[in-house]
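Visitor: I'd like a close look at a single part of this model rather than a quick tour of everything. Pick one spot, go through it slowly, and then tell me how it sits in its surroundings.

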Protein chains: 2
Amino acid sequence: MKNLYNSSSNLAIRRCHLGFLLAWICGCFSVTAQDHPRLILTQEGISQIRENLGTAPLFDQRLKMVQMEVDQAIADGMDVPIPKDMAGGYTHERHKQNYSLMQKAGNLYQITEEEKYAVYVRDMLLEYAKLYPSLELHPTHRSYATGKIFWQCLNDANWLVYSSQAYDCVYDWLKPSERDLLEKDLFRPFADFLSLENPRFFNRIHNHSTWGNAAVGMIGLVMGDSILINRALYGLENDGISAEEKDNDEGFIKQPGQNTAGFLAQLDFSFSPDGYFTEGPYYLRYAIFPFLLFSKALANNRPDLDIFHYRDDILMKAVYALLYQADARGHFFPINDAQKGMSWLAREVITAADIAYYYGGNDPGLLSIVHKQGKVLLDETGFVAARDLARGIAKPFHQKSIAFTDGADGNKGGVGILRSSRSEGEEVCLVMKYSAQGMGHGHFDKLSYSLYDEGGEIIQDYGAARWVNIEQKGGGRYLPENKSWAKQSIAHNTLVIDETSHYEGDIKKGEANQPVPFLFSSQDDMFQLVSAKDTTAYTGTDMHRTMILLKRHALHPPIVIDIIRAQSGGTHQYDLPIWFHGHLLSTSFDYTTQEDRLLPLGEAHGYQHIWKEAVGRSKDQHAQITWFSRGKFFTASMLVSPNDELILGRTGASDPSFNLRHDPGFIIRKKEAKDPVFVTVIEPHGAYNPVSEIPTYPFSRIASVDLLHNDDRYTAISVKDKSDKAWTVILANRYPSPTIKHKLTIDQMSYTWQGGFHLLKQ
Amino acid sequence: MKNLYNSSSNLAIRRCHLGFLLAWICGCFSVTAQDHPRLILTQEGISQIRENLGTAPLFDQRLKMVQMEVDQAIADGMDVPIPKDMAGGYTHERHKQNYSLMQKAGNLYQITEEEKYAVYVRDMLLEYAKLYPSLELHPTHRSYATGKIFWQCLNDANWLVYSSQAYDCVYDWLKPSERDLLEKDLFRPFADFLSLENPRFFNRIHNHSTWGNAAVGMIGLVMGDSILINRALYGLENDGISAEEKDNDEGFIKQPGQNTAGFLAQLDFSFSPDGYFTEGPYYLRYAIFPFLLFSKALANNRPDLDIFHYRDDILMKAVYALLYQADARGHFFPINDAQKGMSWLAREVITAADIAYYYGGNDPGLLSIVHKQGKVLLDETGFVAARDLARGIAKPFHQKSIAFTDGADGNKGGVGILRSSRSEGEEVCLVMKYSAQGMGHGHFDKLSYSLYDEGGEIIQDYGAARWVNIEQKGGGRYLPENKSWAKQSIAHNTLVIDETSHYEGDIKKGEANQPVPFLFSSQDDMFQLVSAKDTTAYTGTDMHRTMILLKRHALHPPIVIDIIRAQSGGTHQYDLPIWFHGHLLSTSFDYTTQEDRLLPLGEAHGYQHIWKEAVGRSKDQHAQITWFSRGKFFTASMLVSPNDELILGRTGASDPSFNLRHDPGFIIRKKEAKDPVFVTVIEPHGAYNPVSEIPTYPFSRIASVDLLHNDDRYTAISVKDKSDKAWTVILANRYPSPTIKHKLTIDQMSYTWQGGFHLLKQ
């Protein structure tokens with residue numbers, strides 16, 4: 001048992017301005033002819049690959065596929081159009097394709113030594129060198145940092161990250177005069193544009209800036225330009241950015257107290273001490289790519305930085321944090337703004353797995369992910385992963401229960417993940433979110449959770465209201481419903497008071513506050529627990545949520561027990577939604593369905609997007625709903641009062657352009673309640689498939705859920721199953737420490753125990 | 001090109017009462033000791049299996065699995081409870097399990113020669129022999145033909161079909177006194193109950209009766225009882241059933257003109273001449289099982305009947321008809337009452353594949369289905385399939401374009417299936433339904449269609465409103481919404497006039513009428529066509545629908561062109577729904593969404609179940625909607641008038657118990673229209689996956705859809721794509737014959753051609 005409450009360190013104090021000092025000491029670093037490639041590929045690595053072609057099937061397959069793709073592109077001829085379009089449009093997509101092709105052709109030239117690939121890279125770079133000096137800002141002017149080739153600097157930085165690799169691969173092959181031309185007309189002005197001319201893009205602590213830093217640093221490494229390299233590592237000294245400035249996603253440009261910038265500052269401030277990324281895994285997946293790529297280049301060229309061990313191996317921690325924040329299929333938890341379906345198969349994760357395997361100690365668990373990916377990088381990290389996979393040393397990747405802290409100092413809440421042991425074949429994975437706001441992509445869902453099994457979502461997080469790159473849906477950008485629905489508290493499985501979102505939906509308040517981790521315990525596979533408190537989402541209200549993954553000897557799969565205490569003194573309306581995934585089968589209570597007229601559940605804070613389909617009330621204090629999803633049965637059993645409204649609803653109201661999914665949800669509503677306690681059991685049970693048509697265990701095995709005791713000091717609940725087995729859990733509401741002894745008398749029975757919780761089996 | 005209009009034969013006349021004659025000639029057939037097993041297993045087959053164990057991995061695996069299952073059951077001990085429960089309840093499920101275990105144990109005894117399996121069968125049969133004489137009718141009394149062990153005779157017949165196999169396997173091993181007891185107290189009274197005592201169950205042309213016939217015949221074959229065998233083959237002579245009697249599913253007991261019964265009559269009347277089953281593939285899958293099993297027993301014991309060649313190989317035709325009526329994944333088209341997801345993997349289809357492979361000429365295409373199934377029967381047909389699969393001679397099963405006729409004489413409409421060649425990797429499969437009503441399980445959807453690709457449904461047939469065997473949903477039986485929604489015309493992709501279902505939803509009118517096939521052409525893979533007319537669904541209205549699968553050289557996948565002509569003289573409201581599967585992306589026209597209040601689209605005939613979400617109108621005569629489903633984009637392009645209402649809706653209204661799925665639909669509504677023509681193009685285009693986040697071809701390539709000409713004799717339409725390629729199709733509305741020459745002038749251009757249609761590419 002670990003008490004997260006006290007685990008903080010003050011990273012901001014630890015960091016100092018040593019960086020600049022080091023930078024000039026190492027400024028003697030220079031590049032001479034015949035020592036390329038040196039950026040991502042190395043001469044040594046390339047020799048190893050060339051000598052061992054045919055021994056690593058996955059590498060050979062990938063090489064063949066890339067060769068086919070580039071050969072086709074060479075046959076089709078190149079096009080370097082004048083920039084004009086937004087994302088999705090021709091010039092945007094073409095320039096993206098171009099930088100990808102150049103990078104691939106560069107690799108192919110190095111691996112195959114076929115000159116046609118070098119020619120292709122050279123000719124395209126020369127086209128860009130011809131075009132670039134003539135370019136003004138991109139005509140769209142829709143970004144806080146408009147690019148030249150693309151509508152935003154971010155994409156321009158992507159271009160340079162890829163093109164610098166291509167340039168590195170053909171560097172020695174090019175004539176010196178060609179190199180001079182490319183550097184003078186293209187690369188140096190390009191790097192200056194991304195940095196000196198766009199400080200708001202370059203000097204943030206943000207994934208956009210990481211790309212900018214990496215781009216400038218990588219071209220600097222290829223050209224041997226210490227000024228660019230240092231600018232990349234340490235940022236611009238004076239950027240003149242005010243604290244109020246925001247980007248297009250409503251995120252602040254500067255973080256409070258931020259006084260450093262550049263790549264090392266990104267490493268210091270982008271991740272929590274254990275590798276958590278405040279925007280969540282969807283964006284970590286995106287953000288980590290330039291980190292890894294530039295770090296690889298630095299590992300090759302600036303061993304003095306020992307970059308993969310920087311800040312206690314922060315990059316490797318981030319890679320594992322990414323891999324852990326996925327369901328059993330490898331789909332990332334869609335917390336905050338995230339498009340569902342993004343997974344371990346993403347190109348950035350292929351990069352992460354190969355590089356982490358190479359630089360992170362050859363973890364054989366990573367090879368099983370490489371195997372699932374079926375693709376490797378065309379460099380020595382990809383080669384070694386493919387070679388070792390072929391040697392049969394892969395092991396299953398074990399996604400363990402883990403609590404991540406959030407914030408650079410690890411003191412801004414976190415995310416707790418509880419997983420049942422995978423060996424049982426019946427995975428239940430609970431993700432409880434008590435993290436910081438997560439900048440512009442954060443959602444107002446303090447103390448929320450989502451639940452997964454081996455097939456995907458059981459209780460869903462809606463994710464973002466966005467269809468990335470789908471032109472028909474708002475040009476692929478965030479849709480209006482992302483703000484009006486997806487970010488709102490009611491869209492999440494968390495408590496909503498008086499139909500108002502956490503922090504009243506104000507990002508500034510959200511950024512300034514966060515919940516506090518209270519307790520996390522995962523050592524006992526039969527009883528895992530995560531608990532956190534919040535006093536900030538609603539002024540004057542304390543919320544305390546404890547979630548338990550309880551494995552029972554007799555019956556699989558495990559169940560989840562959810563206990564929420566809210567205290568505000570006054571009376572309020574409390575809504576607890578359960579966004580279950582699937583089709584409602586039955587309820588234990590009567591309800592009245594809106595058969596011939598549907599109205600929205602409310603008017604604002606996301607409620608306007610929910611159709612109110614039915615309302616019921618339970619005659620006794622135990623209510624159940626059972627649903628069916630992906631071949632399995634699930635039941636939520638809850639403690640309710642006869643006054644509680646049990647609301648069945650569905651998203652899709654106030655949605656003029658059909659941007660929302662029409663997903664079902666269930667809301668426990670306590671009206672005019674004073675300091676309520678919610679106790680809910682989520683129980684997967686049984687299966688059915690339409691081929692055999694035989695259901696197994698279609699009914700819940702839970703007979704009752706009871707609240708035995710509740711005061712400021714202790715809360716005790718019990719869950720009874722139909723064979724009269726009972727589990728009683730007592731939580732210490734004030735002191736979670738494992739060393740403190742407790743005593744509580746309930747119904748004349750006296751319980752004594754040590755530590756933050758106590759489980760009794762009967 | 002085949003003109004189906006003239007392809008009828010008069011089966012009813014062909015059949016005569018030769019059956020009874022033959023029966024008594026062959027009545028000399030008898031059973032002597034030491035000649036069992038002879039029913040499904042044979043002594044020769046068993047020798048072959050025993051000698052070759054270890055050579056057919058799939059067979060060995062299956063054997064091992066079944067052995068584990070039965071060993072466990074033996075260890076757990078047997079229970080033969082007093083019948084009490086409905087389907088889903090304990091006694092029902094236990095008796096089902098019992099007969100399955102007995103049949104398996106019988107097979108195991110024969111294959112492994114381990115006596116414990118024979119003991120298990122004997123002991124359980126003796127338990128049943130003790131119980132059976134004491135049984136009255138099952139206490140539920142909820143079936144038109146209540147059973148004794150189960151709530152309906154159908155399940156009792158299942159019991160006897162399985163138990164007769166078990167008895168056959170241990171027949172020689174049993175003491176004569178045991179056999180006498182079993183036959184006297186159990187099998188003979190059981191067979192008489194199912195036949196003599198339940199003529200309404202036994203003497204129908206219906207899948208229930210096929211089970212009854214097979215059960216009585218199979219136990220007759222084991223016991224060598226010619227009376228039972230003949231009763232099974234030829235039915236009861238006098239059943240006294242009136243023409244008005246119905247079963248629990250609203251189906252008539254007697255078919256009009258039916259004057260024969262028994263197994264051979266089932267073979268004569270259950271299938272169309274090409275193997276189509278009027279209820280559709282979901283029920284064909286269920287119905288075919290006793291046909292195949294009893295036929296296999298007859299093939300072993302009554303070679304004189306040459307049963308697998310009976311009626312021009314009707315059983316093999318039925319097996320192939322079943323396999324063809326599935327999408328590329330092997331999921332059966334959910335036409336009529338059908339639960340979605342039923343597929344080639346069903347136990348009945350495993351039986352069908354093995355038996356058809358063995359008796360139908362060793363089609364290597366069937367082995368690829370056996371491979372997908374991963375299971376074989378524990379008899380010589382399963383053994384041979386597994387052996388040949390291991391020999392590596394399997395070939396892909398080719399699902400071809402095909403038109404099935406419906407009705408025993410093939411003159412009651414049919415179903416046309418058009419498929420693009422699978423070799424392209426982009427399957428489009430169109431199913432047009434112009435069949436007969438399909439008895440109690442039929443839907444009122446004349447001239448409807450559904451559309452599939454390699455991943456499943458594009459344009460869906462709703463299927464049945466039923467959760468088979470799921471207790472929580474109406475005990476697993478058909479739900480009220482099956483009648484009020486699923487059967488109604490508006491639930492299907494077909495024309496609905498004046499908000500009234502075909503035949504006004506009257507099954508008697510439906511049974512008495514059907515559409516007429518007009519034209520079917522599938523020889524040219526680039527241009528396939530199916531066409532049918534109906535004059536009966538709406539009195540006084542002629543409907544003519546022609547659907548074309550058009551493959552274009554430049555672009556994949558193929559598109560579907562849908563042309564409907566309706567003529568009634570007066571003005572009516574015409575609704576054409578498109579129940580697309582997926583999420584609406586965009587429309588070419590403006591619409592007004594019901595953002596804050598939803599009302600049902602209508603009051604009856606299924607309309608009460610549709611929420612009206614939005615209504616639009618198109619300014620020009622070309623309207624498009626684009627949706628996204630399972631990683632792919634689809635667009636419907638349609639010819640409309642500015643007066644047409646373009647309605648977006650969703651199922652789920654008037655659904656008090658959440659029995660319906662909430663699926664989206666689109667309706668083209670022509671109000672006060674006179675003899676309208678609907679022209680619609682359904683176009684799959686492009687793909688997107690959330691890992692790469694890169695869409696390909698997200699936009700329709702169709703620029704316009706036009707009606708060039710329309711009168712009683714000819715209809716001409718054209719489809720133009722965005723590169724100005726145009727396809728013009730002229731249909732001859734009266735004379736589909738391939739030999740007739742036609743001439744038509746449109747816009748001063750003169751066209752001449754021969755046959756029912758003409759395609760011009762431009």
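Guide: Let's take one strand of chain A and work outwards from there.

First, some housekeeping: residues count from 1 along each chain as its sequence is written, while chains are lettered from A and ligands numbered from 1 in the order written. This is a predicted model, with local features needing pLDDT of at least 70, side-chain atom pairs needing pLDDT 80 or more, and totals for chains, interfaces and linings using all residues; side-chain values use heavy atoms, leaving out hydrogens and water.

Our spot is strand β17 of chain A, residues 632-639. (Strands are DSSP E runs of at least two residues and helices are H or I runs of at least four, numbered from the N terminus.) Eight of the eight residues in β17(A) are buried, meaning under 20% relative accessible area with a 1.4 Å probe, protein chains only, where over 50% is exposed and anything in between partly exposed. Look at the two faces: A:Lys632, A:Phe634, A:Ala636 and A:Met638 are buried on one side, and A:Phe633, A:Thr635, A:Ser637 and A:Leu639 are buried on the other.

What flanks it? On one edge, β17(A) runs antiparallel to strand β16 of chain A, residues 622-629, through eight bridges. (Two strands count as paired once DSSP finds at least two bridges.) To see the register, find A:Phe628 and its bridge partner A:Phe633. The hairpin between β16(A) and β17(A) has two residues between the strands, and A:Arg630 there takes a positive phi near 45°.

That same A:Arg630 turns up again in a network of salt bridges, along with A:Asp453, A:Glu454 and A:Lys632. A salt bridge here is a side-chain nitrogen of Lys or Arg within 4 Å of a carboxyl oxygen of Asp or Glu. So that network includes A:Lys632, which is also one of the buried residues of β17(A).

Now follow the sheet on. β17(A) also pairs with strand β20 of chain A, residues 677-687, antiparallel over seven bridges, and A:Phe634 has A:Pro684 as its bridge partner there. From β20(A), six bridges carry you to strand β10 of chain A, antiparallel again, with A:Asp562 partnered by A:Thr680. β10(A), residues 559-567, is mostly covered too, with eight of its nine residues buried. Beyond that comes strand β9 of chain A, residues 542-550, joined to β10(A) by nine antiparallel bridges; A:Met543 stands opposite A:Ala566 in that pairing.

For a view of this region in the other chain, hop over to B:Thr626, in strand β16 of chain B. B:Thr626 has a relative accessible area of 6%, so it counts as buried. Leaving out residues up to four places away in sequence, B:Thr626 touches B:Leu584, B:Leu585, B:Ser586, B:Phe634, B:Thr635, B:His685 and B:Pro698, plus A:Gln472 from the other chain.

That last touch brings us to the interface. There, 55 residues of chain B are in contact with 55 of chain A, contact being heavy atoms within 4.5 Å. The two chains bury about 4600 Å² between them, 60% of it on carbon and sulfur atoms; that is accessible area (1.4 Å probe) lost on being put together, summed over both. The interface holds zero salt bridges. On chain B, the elements giving two or more residues to the side that touches chain A are β12, β13, β14, β15, β16 and β18. β12(B) gives the most, with four residues.

Salt bridges do exist elsewhere: the whole structure has 81 over all chains. One of them joins A:Glu380 to A:Lys296 at 3.9 Å, N to O. Those residues sit in helices α17 and α13 of chain A, 84 residues apart. A:Glu380 is buried at 4% relative accessible area, and A:Lys296 is buried at 0%. Another is A:Lys487 with A:Asp337, whose closest N and O atoms are 3.4 Å apart. Both lie in loops of chain A, so the pair ties together parts 150 residues apart in sequence. A:Lys487 counts as buried at 12%, as does A:Asp337 at 1%. In chain B, B:Arg38 and B:Asp35 form a salt bridge at 3.0 Å between the closest N and O atoms, and both are buried.
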